[in-house]
Amino acid sequence: MTTPNITSVLKETRVFPVPEAFAAAAHVTADEHRRLTEWADRDPDGFWGHHAESLHWFQKWDRVFDGSNPPFFKWFTGGTTNASYNCLDRHLNGPHKNKAAIIWEGEPGDTRTLTYQQLHHQVCKFANGLKQLGVGKGDRVTIYMPMTPEAAIAMLACARIGAVHSVVFGGFSAEAVADRNNDAKAKLIITADIGWRRGNAVHLKQNVDEALAKSPTVEKCVVFNRARNTSVHMKPGRDIWWHDLMSDVSADCPAEELDSEHPLFVLYTSGSTGKPKGVLHTTGGYLLGASLTHRWVFDLRDDDVYWCTADVGWVTGHSYIVYGPLANAATVVMYEGAPNHPKEDRFWGIIAKYGVTILYTAPTAIRAFIKWGDQHPNAHDLSSLRLLGSVGEPINPEAWMWYHDVIGKGRCPIVDTWWQTETGAILIAPLPGAIPTKPGSATKPLPGIAAAVVDKDGNDVPANSGGFLVVKRPWPSLMRTIYGDDERFKATYWSQYPQGYYFTADGARQDEDGFIWVMGRVDDVLNVSGHRLSTMEVESALVNHPKVAEAAVVGKPDEIKGEAICCFVTVKQGVTVSDSLKDELKKHVAKEIGALARPDEVRFTDSLPKTRSGKIMRRLLRDIAAGREGKQDTTTLEDFSVLAKLRGDEE
Ligand code: WT7
């Protein structure tokens, strides 16, 4: 753990009270927030048990919480439920049957709307299709799809029959798909011929073909035909068109009654060491977290048109496009493509066209919008908006103010939501009718969440001192384990604090009002455009290039991406360095991991700065990459001449 550096964080003093009109109509007021928080602290089981009643249970639980084998906690034991049933079936016998569940827009401009009834019909058929292909309860299914309703249908169909989905973001490479197939021992993969991104076709099926050559456990591949005119290779006996599978299956598929702790999905995310971790979430607790926080944080109303701009390949898409909103019978807008295609006003056009009331997006997108200019949002009617959300990284106060003024016209509260793939659901955020906001702060833990800022021994730190963000008590949507690696789960999240605190790997401070200011990761994990990437993954991609001897990867501040990827590379003997080799290495990393990992900068060096014990001095490299004059102690540096050379290399 590196000690978080807080000296660089300017003190932000602006406070925005809850708008009166908003507070008057909000589900959770300031008084209610206080009552809920006190209740949860006094009687966590009673509190969570009460809220779990909002889900449908085939059989009610015997116990709310089983903490007998930490850190392997169980929630709602003895209860049976089904996520797909909660997101679909229970909405069919009332006013929501014909409500729009998903309003979808493809990047080329094609649109579709699926009501709850229609979505249910599709999910049931696809679930039967999966069964026909031999998928059963507990089997793992990889989903590598563009942002089309079929991605959600595939997820809900898996959930319906108790299969465990593992969604892999469409921007990842064939290599990454194969790694995830193998780690999860996936039996089947669902993909599409292509997806659209900034006017270009993303060749998903082609990547899958490459991946399946290295994925011995995958028996079948279902292919959704997104671009009706592309001819993709279909391997007889293995590959099946989505529409063929759907053509002769029944729409009668009762949801499996699953144990509350039945695995719902695995989602791979980067850690500081080793290969990506398969974060495992189970059914009851996860669904409670996703649905309750979606209702609370977005102050959801029946007539809202809610748009989360994330991709289903990330946890935000899981919890806040699919499971949370659909469990709440919300109307969800889903958009396939880039925010600047065909022009930089695409988002604002979508908001005006569908009358979006809640927008949930990321700081990196907001920073790009600022750069593209106010004329784009100003050209559209954004008056339907009533609430704005942010997720993925700390939002810088300037971006917050722009979001507030230019998009929200000063009317809409901003909910800055802190959470992680591991936490399943939002843990720290203002409830917009209850908590005033401060630009750059995720504000307060939600009721029931014992988040705190502590020192390395677990003591609470004084106000405004930096420390580590931990959660002192388990909560229902916490991940259950790392798929297939209980030991790594314990070591990564539970070994830091013998008190049993969950370690988030984020640094934070809490101000005099108890507001939390998250300062970013304290491990070797980068946050590139709100996406988590480990420096180690990029390093191993680099060193498996035949010309590379050694590599060290660090983040450097970037105006749009938050962090850019900067690589220090030493080449093998006899290799001549050149700009074309830089390009070759960038391409190589993109091919190995995916375009999101493409390095922004490659610097060649004769050697890397190491300590006498051989550890690469990353802090030093971070300073050099950022062009900061290193202020740190370099007395442990093994070879001082390295430093001069690295600095001399700077432009
Ligand atoms: C890491 C988790 C949670 C969905 C998106 C990312 C950073 C996320 C915030 C925020 C400050 C944030 C943290 C966290 N992060 N949201 N509102 N303020 N930092 O999920 O890939 O699991 O990454 O993203 O560093 O640990 P993820």
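Colleague: How many residues of the shell around the ligand are nonpolar, how many polar and how many charged?

Modeller: In this model, which is a predicted one, the shell around the ligand divides into 6 nonpolar, 6 polar and 5 charged residues. The ligand is surrounded by 17 residues, of which the closest are D416, T417, T421, D506 and R532.

Colleague: Which residues have an N or O atom close to a ligand atom, and at what distances?

Modeller: For D506, an N or O atom of the side chain is 2.8 Å from an oxygen atom of the ligand, while R521 places a polar side-chain atom 3.1 Å from a ligand oxygen. P394 takes part through its backbone, where an N or O atom lies 3.4 Å from a nitrogen atom of the ligand. On its own the ligand has 550 Å² of accessible area, and the protein covers 95% of that area.

Colleague: Which elements give two or more residues to this shell?

Modeller: They are the helix α11 (315-327) and the strands β20 (414-417) and β25 (516-521).

Colleague: Turning to helix packing, how should I read the pair α17 and α18?

Modeller: Two packed helices are described by the angle between their axes together with the distance between those axes. Here the axes of α17 (residues 535-543) and α18 (residues 579-592) come within 9 Å and cross at roughly 115°, and the crossing is right-handed. From α17 the contact is made by V538, A541 and L542, and from α18 by L585, H588, V589 and E592. By class, this contact has 5 nonpolar residues, 1 polar residue and 1 charged residue.

Colleague: What should I look for in the backbone, and where are the cis peptide bonds at P71 and P342 placed?

Modeller: Most peptide bonds are trans, and most residues other than glycine have a negative phi. Against that background, P70 and P71 are joined by a cis peptide bond with omega of about 0°, and P71 has its place in the loop between β1 (63-66) and β2 (74-77). The peptide bond from H341 to P342 is also cis, with omega near -5°, and P342 is found in the loop between β17 (331-335) and α12 (346-354).

Colleague: Is the phi of D299 positive or negative, and where does D299 lie?

Modeller: D299 is not a glycine, yet its phi is positive, at about 45°. D299 lies in the loop that runs between α10 (284-297) and β16 (305-308).

Notes: Residues are numbered from 1 along each chain as its sequence is written. This is a predicted model: local features need pLDDT of at least 70, side-chain atom pairs count only at pLDDT 80 or more; totals for chains, interfaces and linings use all residues. Side-chain values use heavy atoms; hydrogens and water are left out. Axes are lines fitted to C-alpha atoms, for helices over the stretch in contact, and angles run from 0 to 180 degrees between N-to-C directions. Helices (H or I, at least four residues) and strands (E, at least two) are DSSP runs, numbered from the N terminus. A crossing is left-handed if the near helix is turned anticlockwise from the far one by less than a right angle, and right-handed if clockwise. Contact means heavy atoms within 4.5 Å. Ala, Val, Leu, Ile, Met, Phe, Trp, Tyr, Cys and Pro count as nonpolar, Asp, Glu, Lys and Arg as charged, and the others, Gly among them, as polar. A residue is near a molecule or strand if one of its heavy atoms lies within 4 Å of it. A polar contact is a pair of N or O atoms within 3.5 Å; within protein, one must be able to donate a hydrogen and the other to accept it, and residues adjacent in sequence count only if both atoms are side-chain atoms. Accessible areas come from the Shrake-Rupley method with a 1.4 Å probe; for residues, only the protein chains shown count as cover.
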